[in-house]
Amino acid sequence: QSRRTQLLLVNSLTFGLEVCLAAGITYVPPLLLEVGVEEKFMTMVLGIGPVLGLVFVPLIGSASDHWHSSYGRRRPFIWVLCLGVLLSLFVIPHASSLASLCALNPRPLEIAFLILGIGLLDFCGQVCFTPLEALLSDLFQEPDNCRQAFSMYAFMISLGGCIGYLLPAIDWAFLAPYLGGQESCLFSLLAVIFLGCVLATLFVTEEAAQGDILDGPALKDTSPKPFLSCCCCQLARGSYLLQARHVLQALRNLCALLPRLHGLYCRIPRVIRRLFVAELCSWMALMTFMLFYTDFVGEGLYHGVPRAKPGTEARRHYDEGVRMGSLGLFLQCITSIFFSTIMDRLVKHFGTRAVYLASVVFFPGAAFVMCLSHSVTVVTISAALTGFTFSALQILPYTLASLYHHDKQVFLHKYKRKEEEDAALLDKKSAFTKGLLSSQKLPYQNGHAGSLFSSSSSSSPSSPPAVSSSALCVSSSCDVSLRIMVGEPEPGAPGRGICLDLAILDSAFLLSQVVPSLFMGSIVQFTQSVTAYMVSAAGFGLVAIYFATKVVFDKGDMAK
């Protein structure tokens with residue numbers, strides 16, 4: 001398959017995910033209000049997905065880096081998360097029917113099913129982008145190819161957002177009677193679109209990234225074949241013990257979840273840490289704007305009142321402002337699509353540093369214009385132009401992360417050096433083993449088959465060669481095989497893959513949704529003005545400018 005075909009197949013799922021997230025999450029607030037969920041609890045429900053994502057995204061990223069299967073490292077995780085999205089697309093519109101089947105008083109259970117479906121859609125949909133980004137990085141490793149791949153990725157996200165925002169606005173009356181109503185019709189259509197996009201990934205050929213395979217010393221077959229045969233024979237006899245160790249290892253991993261999460265977040269390379277902080281500030285600025293822009297237009301520009309009774313003049317002004325705000329966000333998607341198509345040319349002409357800094361600097365300028373202007377036209381144009389920043393944040397940080405991993409010797413030298421030390425240590429062990437083999441006979445050549453737990457004390461004093469070889473078999477090859485079987489990594493094995501670092505960057509996006517939701521309501525209540533939304537967005541943008549100047553763009557920045 002051509003690289004262009006591969007790119008389209010992978011990014012078709014990007015399109016499908018964004019369509020489902022944009023349409024589903026847009027349609028969700030009215031559904032929650034209809035079943036009696038209060039507004040203050042509604043925002044908490046919408047925060048379930050991002051909060052869970054913050055916990056599981058780095059774990060899934062790390063697991064994907066170490067996964068080995070006939071379907072590759074990324075697609076198994078993608079398919080499982082896509083299954084969760086499909087399940088949520090069924091649960092959300094049928095929450096009432098499912099509740100009626102399970103209880104006599106269906107309303108509480110209906111709310112529970114609805115919250116479950118919304119959380120599942122938001123969590124699986126947003127987390128699925130991480131292995132998808134890693135798959136793109138695996139397939140397109142060269143910097144130029146990677147930038148083109150993520151330009152297409154950003155294009156598909158913007159296009160999916162446009163389609164997703166438009167689908168709920170369409171009156172599906174001509175199909176609704178056949179599919180159980182407007183809600184069921186919309187979500188059935190989303191399920192069909194998404195399923196087609198998921199099936200496209202079956203034809204993607206995952207390529208092994210030579211510089212990023214995390215086999216580590218424990219997964220490499222460097223032991224001599226006689227030792228391996230000996231160990232396989234002994235492992236067969238200890239199958240029951242291995243099963244017990246599997247269970248114990250699973251319990252141990254469960255107990256070690258929080259320390260593991262702490263380790264993944266704290267042991268971050270300097271280049272990734274700088275990029276993460278810049279990303280976090282930039283996304284917080286952009287998400288503060290996107291989450292509250294419609295409310296800002298409805299109350300600030302149209303002087304509407306959201307809590308006014310339907311049909312009143314104040315409520316009509318607010319609804320009109322919300323529609324105009326939605327138009328501004330739609331135009332932002334259109335602008336993002338445009339810049340995604342020309343991003344590669346901009347970077348080639350001006351360089352990654354100039355384009356990235358320009359996008360970050362541009363946003364607070366647009367936000368300040370929205371703060372100061374009372375013209376609906378000027379504010380809408382400013383909102384539309386923020387699509388430049390949105391497009392850049394969807395492309396350039398991921399291409400930078402791919403650059404870091406493509407040239408680990410320069411940007412991730414500490415982790416590259418660790419891999420080289422482990423390889424050298426493994427070579428020494430292998431040489432030592434071969435030396436013993438050349439001078440000593442194997443246990444089973446002397447008639448001693450041995451057992452999995454044989455030790456030096458189990459052999460007779462008159463056969464020291466058998467003793468040393470048996471002990472060596474248990475302590476080296478058998479131990480390595482056991483580590484493989486029960487999932488214990490060899491001490492010192494390299495564990496830094498690109499999916500983990502992409503997951504850390506995606507955590508910045510997820511965190512940027514949680515923080516504004518928690519604090520912006522209180523800030524607006526304190527200031528008694530919705531202009532505080534745009535002022536806060538501009539403030540985050542100014543902070544983002546400072547940290548963007550600290551991002552490592554090339555080798556010369558490593559000395560800073």
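**A helical chain with a shared nonpolar core**

Leu179 is found in helix H9, which spans residues 176-179. In this predicted model, the Leu179 residue is partly exposed, its relative accessible area being 38%. That value lies between the 20% and 50% cut-offs, and therefore Leu179 counts neither as buried nor as exposed. Leu179 also has company at the surface: together with Phe174, Leu175 and Tyr178, Leu179 forms a nonpolar patch with about 450 Å² of accessible area.

A little earlier in the chain, Ile170 sits in the loop that links helix H8 (143-166) to H9. Ile170 is again a partly exposed residue, with a relative accessible area of 36%. From Ile170 to Gln182 there are 12 residues in sequence, and the C-alpha atoms of the two are 9.7 Å apart in space.

Turning to the overall fold, the protein chain contains 23 helices and zero strands. Of its 560 residues, 49% are buried. The chain exposes about 25,900 Å², and 66% of this area is supplied by carbon and sulfur atoms. Contacts that span long stretches of sequence are well represented: when residues at least 6 apart in sequence are considered, 83% of the contacts join residues at least 24 apart.

The interior offers a good place to look next. The largest nonpolar core comprises 137 residues, and the residues with the most contacts inside it are Leu13, Leu190, Phe194, Phe289, Tyr293, Tyr356 and Tyr404. Helix H14 (residues 270-301) provides the largest share of this core, with 19 residues. The core draws on two domains, taking at least three residues from each of domain 1 (1-206) and domain 2 (264-418 + 496-559).

Tyr293, one of the core residues with the most contacts, illustrates the packing in detail. Leaving aside residues up to four places away in sequence, Tyr293 touches Gly325, Gly328, Leu329, Met370, Val379, Thr380, Ala383 and Met534.

A further pairing across the sequence involves His66, a residue of helix H3 (residues 48-66). His66 has a relative accessibility of 32% and so counts as partly exposed. Its C-alpha atom is separated by 9.7 Å from that of Cys499, although His66 and Cys499 are 433 residues apart along the chain.

Definitions and conventions: Residues numbered from 1 in each chain as written. Predicted model: local features only at pLDDT ≥ 70, side-chain atom pairs only at ≥ 80, totals over all residues. Heavy atoms only, no water. Patch = residues over 30% accessible without salt bridge, like charges linked within 9 Å, V, L, I, M, F, W, Y side chains within 5 Å. Areas by Shrake-Rupley, 256 points an atom, 1.4 Å probe, with all protein chains shown as cover. Salt bridge = Lys/Arg side-chain N within 4 Å of Asp/Glu carboxyl O. Helix = DSSP H or I, 4+ residues; strand = E, 2+ residues; numbered from the N terminus. Buried < 20%, exposed > 50% of the residue type's maximum accessible area, 1.4 Å probe, protein only. Contact = heavy atoms within 4.5 Å. Core = buried A, V, L, I, M, F, W, Y, C linked by side-chain atoms within 4.5 Å. Domains from an automatic or database assignment.
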